[in-house]
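The following note is offered to a colleague as a set of numbered points on a single structure. Please read each point alongside the displayed coordinates.

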Amino acid sequence: MMSKLIIILLSSQAEFTVSSKLNLMYLPLPKQKDCFEAIDNVREDIAIFDNQSNKWFLKDGTQFIGGFCE
């Protein structure tokens with residue numbers, strides 16, 4: 001059973017490439033939520049969508065890439 005939610009973030013100065021160093025944020029996965037719903041909820045809580053670049057950003061400029069559960 002999955003119990004951890006891992007959020008993937010990219011530094012504000014970095015360009016997203018295959019070799020980009022990504023920052024991982026580990027959170028407990030709420031028992032009542034599936035993985036995709038939990039990722040969406042975290043993204044909505046911590047990031048703002050930028051229509052011009054079509055990307056999600058945190059207030060400090062860090063880019064929200066996505067997430068997964070384990």
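Leaving aside neighbours within four places in sequence, with which residues is V42 in contact?

1. The model under discussion is predicted. In it, V42 is in contact with L5, I7, M25 and L27, when its neighbours within four places in sequence are left aside.

2. V42 also belongs to the largest nonpolar core, which has twelve residues in all. The members are L5, I7, L9, L29, C35, A38, I39, V42, A47, L58, F64 and C69. Two or more residues of this core come from each of β1, α1 (35-46) and β5. The helix α1 gives the most, with four residues. As a general remark, nonpolar side chains in soluble globular proteins tend to be buried together.

3. Strand β1 (residues 4-10) is mostly covered, with six of its seven residues buried. β1 is joined to strand β2 (residues 22-28) by seven bridges, and these two strands run antiparallel. Within that pairing, I6 stands opposite Y26 in β2. Six bridges join β1 to β5, again in an antiparallel arrangement, and here I7 stands opposite G67 in β5. In a regular strand, side chains alternate between the two faces of the sheet.

4. T62 is placed in the loop between β4 (55-57) and β5 (63-69). Is T62 buried or exposed? T62 counts as buried because its relative accessibility is 11%, where the cut-off for buried is under 20%. The side chain of T62 makes a polar contact with the side chain of D60, at 2.8 Å. If residues up to four places away in sequence are not counted, T62 touches L9, L10, S12, W56 and F57.

5. W56, one of the residues touched by T62, also has a charged partner: the charged end of R43 sits over the ring of W56, 4.5 Å from the centre of that ring. On a separate matter, the structure holds one aromatic pair.

6. N54 deserves a check of the backbone. This residue lies in the loop between β3 (48-50) and β4, and has a positive phi of about 60° although it is not a glycine. Most residues other than glycine have a negative phi. N54 counts as exposed, because its relative accessibility is 57% and the cut-off for exposed is over 50%.

7. In summary, the two loop residues discussed above fall into opposite classes: T62 is buried, whereas N54 is exposed. Strand β1 pairs with β2 through seven bridges and with β5 through six, and β1 is among the elements that give two or more residues to the largest nonpolar core.

Technical notes:
Residues are numbered from 1 along each chain as its sequence is written. This is a predicted model: local features need pLDDT of at least 70, side-chain atom pairs count only at pLDDT 80 or more; totals for chains, interfaces and linings use all residues. Side-chain values use heavy atoms; hydrogens and water are left out. Buried means under 20% relative accessible area, exposed over 50%, partly exposed in between (1.4 Å probe, protein chains only). A polar contact is a pair of N or O atoms within 3.5 Å; within protein, one must be able to donate a hydrogen and the other to accept it, and residues adjacent in sequence count only if both atoms are side-chain atoms. Contact means heavy atoms within 4.5 Å. Two strands pair if DSSP finds at least two bridges between them. Rings of Phe, Tyr and Trp (its six-membered ring) pair if their centres lie within 6.5 Å; planes under 30 degrees apart count as stacked, over 60 as edge-to-face and the rest as tilted. A charge sits over a ring if NZ of Lys or CZ of Arg is within 6 Å of the ring centre and within 35 degrees of the ring normal. A nonpolar core is a set of buried Ala, Val, Leu, Ile, Met, Phe, Trp, Tyr and Cys residues joined through side-chain atoms within 4.5 Å.
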